[in-house]
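Colleague: Please take a close look at a single part of this model and then place that part in the context of the whole chain. I would like the cut-offs stated as you go.

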Amino acid sequence: MLDISITRFQEAAVVLYALSVLLYFIDFLHTNRKANHFAFWLLSIVWLLQTIFLFLYVVKTGRFPVLTIFEGLYFYVWVLISLSFILNRWLRIDFIVFFTNVLGFTIMAIHTFAPEQMSSQIMARQLESELLFIHVTIAILAYGAFTLSGVFSLLYLIQYDLLKRKKWGKRLRRLGDLSQLEKLSYMLNMIGVPLLFIALVLGLIWAHIKLPNVSWLDVKIVGSFVVILMYSFYLYIKQREKLYGKPLAYINLLAFLIVLVNFFLFGSLSGFHFWYA
């Protein structure tokens, strides 16, 4: 019965998520406030269903769901929706919710309809430990911060283009101020870099204890260090070189692209993260 309930929650959430993203897209194109409000409430229901699903999953498995790629993706989407709600409530930038949840919906659809391998569940039970749990949770939170930072940089470039082409209108005002978008992107990266560094250190400690034969040149380990170095470079040129505007936004989007490659591609190729297979 619990398995059926969890499946139904997932299916209902995906359908409502799709409708929410569609309505946000209509609002983005035509500045339709009714569509925006309806999309917000649909997304709120999705968040509630996700929260219930996470609770049921914890009841079923007796642990927090972050130890397989499918569990991690689901928690990642939950983090994205939660952060987009908080930032939208705090900053009143409507489009942050839309752009963030386009990515969130894509990941959730992959999670729901891709066949989960039984070996991942078996491996998850074998790999349970507090250290691993903390490592994965902090890493996902760091990826959430980087994702929102990338969305802010994308909004910056859209706003910049509209201003350059003198496309005045309601959409321009709702995108937010350029300096505000750049500042928020920078602040989120300041949060994400130390979080990912802590997660990487904890992950290396866990690997040293549990997997003493792991190669330190593993593609996932190297990729994670590349991500940290890329975002550290971003912070450096922002602070020391006083780089602003479009070049900084493009560098941030490039760094986020590396995050996606590291999370999806390198994770599947890694011997270090073999339980994600």
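**A glutamate at a cavity wall**

Modeller: Glu182 is found in helix 8, where helices are DSSP runs of H or I with at least four residues, strands are runs of E with at least two, and both are numbered from the N terminus. This is a predicted model, in which local features need pLDDT of at least 70 and side-chain atom pairs count only at pLDDT 80 or more, while totals for chains, interfaces and linings use all residues. Residues are numbered from 1 along each chain as its sequence is written, and side-chain values use heavy atoms, with hydrogens and water left out.

Glu182 has a relative accessible area of 12% and therefore counts as buried, a class that ends under 20%, with exposed beginning over 50% and partly exposed in between, for a 1.4 Å probe and protein chains only. Leaving aside residues up to four places away in sequence, Glu182 touches Tyr156, Tyr234, Lys238, Tyr244, Gly245 and Leu248, a contact being heavy atoms within 4.5 Å. Its C-alpha atom lies 9.5 Å from that of Lys246, and 64 residues separate Glu182 and Lys246 in sequence.

Glu182 also belongs to the lining of the second largest cavity, together with Phe152, Ser153, Tyr156, Leu181, Ser185, Tyr234, Gly245, Leu248 and Ala249. Here a cavity is a set of points, on a 1 Å grid over the protein atoms alone, where a 1.4 Å probe fits but cannot get out, and lining residues have an atom within 4 Å of a point. The space in this second largest cavity is about 50 Å³, the volume being that filled by probe spheres set on points joined across faces, edges and corners. The count by this rule is 3 cavities of 30 Å³ or more.

How does the lining of the second largest cavity divide by residue class? It has 6 nonpolar, 3 polar and 1 charged residues, where Ala, Val, Leu, Ile, Met, Phe, Trp, Tyr, Cys and Pro count as nonpolar, Asp, Glu, Lys and Arg as charged, and the others, Gly among them, as polar. At least two lining residues come from each of helix 6 (130–164), helix 8 (178–210) and helix 10 (245–269).

Phe152, named in that lining, leads on to the nonpolar core. The largest such core has 75 residues, of which Tyr17, Leu43, Phe146, Phe152, Leu155 and Tyr231 touch the most other members; a core of this kind is a set of buried Ala, Val, Leu, Ile, Met, Phe, Trp, Tyr and Cys residues joined through side-chain atoms within 4.5 Å. Elements giving two or more residues to this core include helix 1 (2–30), helix 2 (33–61), helix 3 (69–91) and helix 9 (219–239), as well as helix 6, helix 8 and helix 10. Helix 6 gives the most, with 14 residues.

Ile81, in helix 3, is buried at a relative accessible area of 0%, and its contacts beyond four places in sequence are Tyr17, Leu43, Val46, Trp47, Gln50 and Asn101. Phe233, in helix 9, counts instead as partly exposed at 42% relative accessibility.

For the whole protein, the secondary structure comes to 10 helices and 0 strands, and buried residues make up 52% of the 277 residues. Of the contacts between residues at least 6 apart in sequence, 79% join residues at least 24 apart.

How values were computed:
1 Å grid on protein atoms, 1.4 Å probe; cavity = no way out; pocket = protein on both sides within 12 Å on 5 of 7 lines; lining within 4 Å.
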